[in-house]
Protein chains: 2
Amino acid sequence: MVGQVIVPKMVALGHHVFMGTRDADSTRNRTEPERTTGVSFVDWFSAHSGFQLVSYADIPSETDLFINASHGETSIEALESVGKDKLAGKIILDLANALDFSKGMPPTMLVCNNDSLGEQIQRTFPHAFVVKSLNTMNCTIMMDPSRVQGDHNVFMSGNDSASKHIVKILLESIGWSSANIIDLGDITTSRGTEMMLPVWIRLWDALGTPEFNFHIAIN
Amino acid sequence: MVGQVIVPKMVALGHHVFMGTRDADSTRNRTEPERTTGVSFVDWFSAHSGFQLVSYADIPSETDLFINASHGETSIEALESVGKDKLAGKIILDLANALDFSKGMPPTMLVCNNDSLGEQIQRTFPHAFVVKSLNTMNCTIMMDPSRVQGDHNVFMSGNDSASKHIVKILLESIGWSSANIIDLGDITTSRGTEMMLPVWIRLWDALGTPEFNFHIAIN
């Protein structure tokens, strides 16, 4: 679902886009309606163009920036299927959250407090530049911040300043104003943004819509 | 520190206020500067009036509402010193967070993910009505929301609607507009607000001030 929102936006921005999936042939033939969108992949795919659907292993090694929009609980495995060598020296923009739905709603977190998915990915791919961002909001707002009125924020966590600068440029091209992008610091700060998910889920329930976002109001 | 901000405000609002502490005689004679404020308790106490400083056990049983402004790691012990019977049928407005500073900065949380301090207090005092609120901001903003510009939010979690209604009236008397008070649901939703602390601490660092607050911007 997140990928289906991100891919058309990246195509519209003029990027050369590969949509990665575990098994492209199987994905391409998925006729059952998706749980989250109600639309089958086949129908979504036939309505969108300008990108290539490929299996993880077939994403070209020239790719500059990888957006991790996989489920958090399978992100490491998905990125390993892309290939460690391919990710070395590249930016991984990680917007996943590792939630455990196995005990029902609301989910708990698979990793939190003294670790985070962002850090796990950085440790697993030490030669990649992980930038955690956009994980604190609904995917529709990630790619179109104007859906929420007024100022509201997107956070960034990562060890490499140059990579965060490139992600910032990407965010600005999507429509995020420079003033609303908050760099929290190194990748350990993604513990903080990932731990915003539990209140986010409860706010969705309390407000009756997922189309809201956090704004940091300052003195 | 939190108590020293709350007590004068409650006095100014016309409430009959008891400030509880482990040992009132020892607190009353504390001449060393407090770590967080730089002012000794003796000096603070001599500059403020209109309330009584008492040991936890001496808080009168007629007290209607207890504000837990103790350190989260000692909250249960502090409330047990007040007395289980005294708390039965009363509101505990819990604004504490249980942080573990023992491994240095930033702190981790002593309880999170599948439990919360709010729930622990509710379980320990099953006949009290625990309302978690105000724990997502600096104490100066708790008691004076106008210190932060524009709209920003305060959350409430609790099992008893009537108790949340009373806390809401108290919040409004402090200066919180009704529209900015978000009732998240039962006490389990305090997991969400307590887990906002890690990003709050990182935001303090990134923004260079603790005088900010979360605002939920909506479509």
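Reader: How many C-beta neighbours does Asn113(A) have inside 10 Å?

Author: Asn113(A) has 18 C-beta neighbours inside 10 Å, so it counts as partly exposed. A residue is called buried with 20 or more other C-beta atoms within 10 Å of its own, exposed with 12 or fewer, and partly exposed in between, the C-beta atoms being placed from the backbone. Please note that this is a predicted model, in which local features need pLDDT of at least 70 and side-chain atom pairs count only at pLDDT 80 or more, while totals for chains, interfaces and linings use all residues. Residues are numbered from 1 along each chain as its sequence is written, and chains are lettered from A and ligands numbered from 1 in the order in which they are written.

Reader: Where does Asn113(A) lie, and what is its phi?

Author: Asn113(A) belongs to the loop between β6 and α6 (117-124) of chain A. Its phi is near 75 degrees, a positive value in a residue other than glycine. Helices (H or I, at least four residues) and strands (E, at least two) are DSSP runs, numbered from the N terminus.

Reader: What about Leu134(B), buried or exposed?

Author: Leu134(B) is buried, because 27 other C-beta atoms lie within 10 Å. Its place is the loop between β7 and α7 of chain B, and its phi is near 70 degrees, again a positive value in a residue other than glycine.

Reader: On to the two chains. By what turn can chain B be laid on chain A?

Author: A turn of 180 degrees, with a shift of 0.0 Å along the axis, lays chain B on chain A with an RMSD of 0.0 Å. The two copies are therefore related as by a two-fold rotation axis. In chain B, the C-alpha nearest that axis belongs to His215(B), at 2.4 Å. The superposition is by least squares on the C-alpha atoms of residues with pLDDT of at least 70 in both copies.

Reader: How many residues does each chain bring to the contact?

Author: Chain B gives 37 residues and chain A gives 37 residues. On the side of chain B that touches chain A, at least two residues come from each of β6 (108-109), β9 (181-185), α9 (190-194), α10 (197-207) and β10 (212-218). That side has 17 nonpolar, 14 polar and six charged residues. Here Ala, Val, Leu, Ile, Met, Phe, Trp, Tyr, Cys and Pro count as nonpolar, Asp, Glu, Lys and Arg as charged, and the others, Gly among them, as polar.

Reader: Why is it said that the copies meet through the same surface?

Author: 100% of the interface residues of chain B are also interface residues in chain A, so the copies meet through the same surface. Two residues are in contact if their C-beta atoms, placed from the backbone, lie within 7 Å.

Reader: How many bridges join β10 of chain A to β10(B)?

Author: The two strands pair in the antiparallel sense over seven bridges; pairing requires that DSSP find at least two bridges between them. His215(A) stands opposite His215(B), and Ile216(A) has Phe214(B) as its bridge partner. Six of the seven residues of β10(A) are buried, so this strand is largely enclosed by the rest of the structure.

Reader: Which residues touch Asp151(B), leaving aside neighbours within four places in sequence?

Author: They are Asn180(B) and His215(B). Asp151(B) lies in the loop between α7 (139-142) and β8 of chain B. The C-alpha atoms of Asp151(B) and Asn180(B) are 6.9 Å apart, although 29 residues separate them along the chain.

Reader: New topic: which residues of α8(B) are buried?

Author: Ser163(B), Lys164(B), Val167(B), Leu170(B) and Leu171(B) are buried in α8(B). They cover an arc of only 115 degrees around the axis, which puts them on the same side of α8(B); the arc is that of the directions from the helix axis to the C-beta atoms. Ser161(B), Ala162(B) and Ile169(B), on the other side, are exposed.

Reader: What do the buried ones pack against?

Author: The buried residues of α8(B) pack against β4 (91-94), β7 (129-133), β8 (154-158) and β9 of chain B. After the helix comes Gly175(B), with a positive phi near 130 degrees.

Reader: Finally, which peptide bond of chain A is described as cis?

Author: The bond from Met105(A) to Pro106(A) is cis, with omega near -10 degrees. Pro106(A) sits in the loop between β5 (99-100) and β6 (108-109) of chain A. In chain B, the bond from Met105(B) to Pro106(B) is also cis, with omega near -10 degrees.
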